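Me: I want the reasoning behind the labels, not just the labels. Can you take me through them?

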Amino acid sequence: MTVVTTAASITPVRRFDQRMLWLAALLALAILGPLLVSDYHVFQATQIVVYAVAVLGLNLLTGFSGQISLGNGAFFALGSYVAVILLSKAGVPYWITPVAAGAVCFGAGYLFGRSAARLEGLYLALATFALATAFPQILKLELFERWTGGNQGVVLSKPVSPIPDLLGNDQWLYYYCLAVAIALYIVAWNLVRGRTGRALVALRDHPVAAATMGVNVVSYKSTAFGVSAMYTGVAGALGALAAGFISPDSFTILVSIQILVGGVVGGITSIFGTLFGAAFIQLVPDLTKKLSEVAGALGMPALASKLSDAAPAVLYGVLLIVFMMVMPGGIAGLVRSARARLTRTRRNHVKT
Amino acid sequence: MQAFLHQLLSGLANGAIYASVALALVMIFKATHHVNFAQGELAMFSTYVAYTLIEAGVSYWIAFVVTLAFSFATGVAIERLIMRRLQHASALTSVIVFIGLLVAVNGLAGSLFGSSIKQFPSPFPSQAWYGTTYLSPHELGMIVVTLVVLAFVFVFFRYTRLGLAMRAAAENPASSRLVGIRVGWMLALGWGLACVLGAVAGMMAAPILFLEPNMMAGVLLYGLAAALLGGIDNPWGAPIGGFIVGVLENLVGAYLVGSHLKLAFALFIIVAVLVFKPSGLFGRTVVVRV
Amino acid sequence: MTALLELRGVDAAYGNTAVLRGVTLEVAEGGLVALLGANGAGKTTTLRAICNSGVRTRGEIRFAGQRIDGQATERIVRLGVGHVPEGRGTFLGLSVEENLRLGGYLRRDRHVASDTAKMFGYFPVLRDRFHQQAGTLSGGEQQMLAIARALMSRPKLLLLDEPSFGLAPILVQEIFRILRVINQEERMAMLVVEQNARLAFELVGQVFLLETGRVVASGPPQQIAADESVRRAYLGQ
């Protein structure tokens, strides 16, 4: 006797398994991969983790609560400097610094969000754009030189691995960053799935209705800003630890733009997409370097130098435009619709 | 007293640059309700074009005019090819596209022209007869050129058929179509004119700021501050805002915060206007019915 | 004789919401036609469909023998269609003078100035308020301005969307009188959308009655007035 089951009862379970499978594979790659590659690649992987957390911060703010921020680079910088100052001036152990950076940035972000709560869309974008443009100059102020090291910047001693036989310094730092990142991702996941997440989405899509239904708009907006700043600040701290050196010139508006590119390419409303976005930010400059090498090898030195000089920026810009016009959901959106189409085909197949 | 007057007048000269940029921003905002974040970079690119022409031996004023024509064409092209597809896009989408344009143009300039600092000539020789202790010939020239350009723009909009059509298209696109105006092309024209204004600002500012890809970043910020101060939808407010911001920048920089915080001052103006009086000094407060 | 304006089997929708289904009507050259119907019947949508502004259409729309469905609004207007839209569509931020100039935007001939004078003849208040900002005019004055603006382009066909809306009865009588005069003097065809059936009956020679997006009756006003369909469409009997 054949058991007849409807398509609906089969597919959800399959989808659940699939996503868990991908996640497990990714985690395995993340954990085992760095043991097999060179130190430089481990450093790159660390950078990807750092960017992922920063992009996650942006997605939480812009994707989920609908507040456009072009100035997250400022919080990234703030987080970096908190970590650096604590480490170099106060002798705080490196593994506490991201926590401190997160706390300080949460406060700063919350305050900024509170003052900017009345600003919508374009006007918030304007205000944060101004913040991002003006921030490097603020960092260079003589007033802060004692802490920021002025134009020369500050050099950090890299964290040392406590188990030098098993893991090198770079590898240890990578696993530390990965652990912090995983914790933050779990928090974000729960945040988005829960009541806060629903309120934020309501705020984004129907702000007036949300307010009428008792959602405290200002409080949620400020909190969203605080959380986003916190994530970005932690990323900044981790980034500083990994780089070993920061200066005000490390934090031009390009940082904010890179984070934005990562968010858009990955999918601004997707948590999963942040991983694509981060990989993209890290690998594009390498890609353009490769292209420039190819051009040089092919006997076009002028093109080669032009490519390496400014191509990343041009590529970022062009991709931002193209993605918004053609693929506004980013790569995550593409994956989502591809999966939906596959499920439909499978469902149709099962029915007959 | 002498120092104060000097700061004041030189502030007016800087204000002329901000006035042009502010007016460019307001023109595009009035027509499309978008802020052209890339206005500064487009102006910078045009200035590089002028530089290339001048280096190739073309006389200054001919290069100036050719550059204006180039800027106009670029503005029209950008509107027709990219911006018209954003008509029904969300605020987030348009902002991101503008930022993309900003980044791409900046990168392209660095790539095509190199990022080393270049000297851009001024058509007003430093020993000219009209220089005074308070205002160098170039600064005076900046003010005069800007005022002439602004006058042209206002006469165009107020007294010509095309100018009227553009104003109508910005104010009420649906009704404009009903009188036969091709609204899409009016928007493109608006973009072209805005880019011309930007190019003028760039070429006037370059002798002072020195030509490099990030030359206009601060100017854009000041232009934004000026546009918001004057009322982002008010074409009269923009130049007034520009001159006010120029003078304030100098006075505040000289007597209050020091020149190192000038950008922060622009940030302050922007945030203050947005938070306390979003319609600026002369703009219309828009009440949104829900 | 081919009609000046012909609609054949026109469907229209806003997004996914269908509003018109298979509308067929015509306006003869120099004709005065009313489009009647209750609220939401699709009268405004019909006018918008003719000008292709804001609504997706299917089906044939012909003006002076040429198909205009799917054409850009500004092209349709250039062919000789004038439209006084719902809400008047005044350029509120511009002066009365500028509004009238815009009305004559397409005109390249020398008679624009004399036409402006003619508008003053029909609507003297426009001369008094010539340099005032249009937004400061009263509702009735704006209505007159809107009609004058449409007239300035010397259209062959004038579409009017509820010219009586929100106006005092005396003013309405005056406007309708002027419309009748213009129709007779200039041989300008008019398609008038009205909720006020009685007013329309007094003005026009032909009536089309719309009910939920379909033409349910058509004919001279006396015939329609005596018809059951009107009563049904308006009173639900």
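What follows is a set of questions and replies on a predicted model.

Me: Why is A:Ala210 called buried?
Reply: The cut-off is 20 or more other C-beta atoms within 10 Å. A:Ala210 has 20 such neighbours, so it counts as buried. The residue is found in helix H9 (residues 207–212) of chain A.

Me: Which residues is A:Ala210 in contact with, leaving aside neighbours within four places in sequence?
Reply: They are A:Ala202, A:Leu203, A:Val215 and A:Val217. A:Thr252 is another matter: 42 residues along the chain from A:Ala210, with 36 Å between the two C-alpha atoms.

Me: How do you know that the span of helix H10 of chain A agrees with its number of residues?
Reply: Take 1.5 Å a residue. The expected span uses one less than the number of residues. For the 27 residues of H10(A), residues 217–243, that gives 39 Å. The end C-alpha atoms are 38 Å apart, so the two values agree.

Me: What makes H10(A) mostly covered?
Reply: The count of buried residues does: 23 of its 27. Just after the helix, A:Gly244 takes a positive phi of about 80°.

Me: Which pair of chains has the most contacts?
Reply: Chains A and B, among the two pairs that touch. Chain A puts 38 residues into that contact and chain B puts in 35. On the chain A side, helix H5 (121–139), helix H11 (253–266) and helix H13 (301–326) are the elements that give two or more residues. That side divides into 29 nonpolar, six polar and three charged residues.

Me: What does the contact between chains B and C take from each chain?
Reply: It takes 19 residues from chain C and 14 from chain B. Helix H2 (73–78) and helix H3 (96–103) of chain C each supply at least two on the chain C side. By class, that side has eight nonpolar, seven polar and four charged residues.

Me: How do you know that no contact joins chain A and chain C?
Reply: A contact needs C-beta atoms within 7 Å. No pair from chains A and C qualifies, and their closest C-alpha atoms lie 20 Å apart.

Me: Which residues have the most contacts inside the largest nonpolar core?
Reply: A:Val53, A:Ala130 and B:Ile270, in a core of 287 residues. Helix H8 (residues 183–209) of chain B gives the most to this core, with 18 residues. A:Ala130 reaches into chain B: among the residues it touches are B:Leu221, B:Leu224, B:Ala266 and B:Ile270.

Me: Why is strand S8 of chain C called largely enclosed?
Reply: Six of its six residues, 189–194, are buried, so the rest of the structure largely encloses it. Both faces are covered. One side carries C:Ala189, C:Leu191 and C:Val193; the other carries C:Met190, C:Val192 and C:Glu194.

Me: What makes S8(C) and strand S3 of chain C a pair?
Reply: Pairing needs at least two bridges. S3 (residues 32–37) and S8(C) have five, in the parallel sense. C:Ala34 stands opposite C:Val192 there. Strand S7 (residues 157–161) of chain C also runs parallel to S8(C), again joined by five bridges. C:Leu160 has C:Val192 as its bridge partner, and C:Leu157 stands opposite C:Ala189.

Me: What makes S6 and S10 of chain C edge strands?
Reply: Each pairs on one side only. S6 covers 81–84 and S10 covers 214–219. The open sheet has six strands in the order S6-S7-S8-S3-S9-S10, with mixed pairing. Its twist averages 15° from one strand to the next.

Me: Why do S2 and S5 of chain C have one side without a neighbour in the sheet?
Reply: S2 (17–27) and S5 (66–67) stand at the edges with a single partner strand each, so one side of each is left free of a neighbour. The order in this open antiparallel sheet is S2-S1-S4-S5. S1 (residues 5–14) and S4 (residues 56–63) of chain C pair over seven bridges, and C:Glu6 stands opposite C:Arg62 in S4(C).

Me: Which helix lies across S1, S2 and S4 of chain C?
Reply: Helix H1 (residues 43–51) of chain C, running at about 75° to S2(C).

How values were computed
Residues are numbered from 1 along each chain as its sequence is written. Chains are lettered from A and ligands numbered from 1 in the order in which they are written. This is a predicted model: local features need pLDDT of at least 70, side-chain atom pairs count only at pLDDT 80 or more; totals for chains, interfaces and linings use all residues. Helices (H or I, at least four residues) and strands (E, at least two) are DSSP runs, numbered from the N terminus. Ala, Val, Leu, Ile, Met, Phe, Trp, Tyr, Cys and Pro count as nonpolar, Asp, Glu, Lys and Arg as charged, and the others, Gly among them, as polar. A residue is buried if 20 or more other C-beta atoms lie within 10 Å of its own, exposed if 12 or fewer, and partly exposed in between; C-beta atoms are placed from the backbone. A nonpolar core is a set of buried Ala, Val, Leu, Ile, Met, Phe, Trp, Tyr and Cys residues joined through C-beta atoms within 7 Å. Axes are lines fitted to C-alpha atoms, for helices over the stretch in contact, and angles run from 0 to 180 degrees between N-to-C directions.
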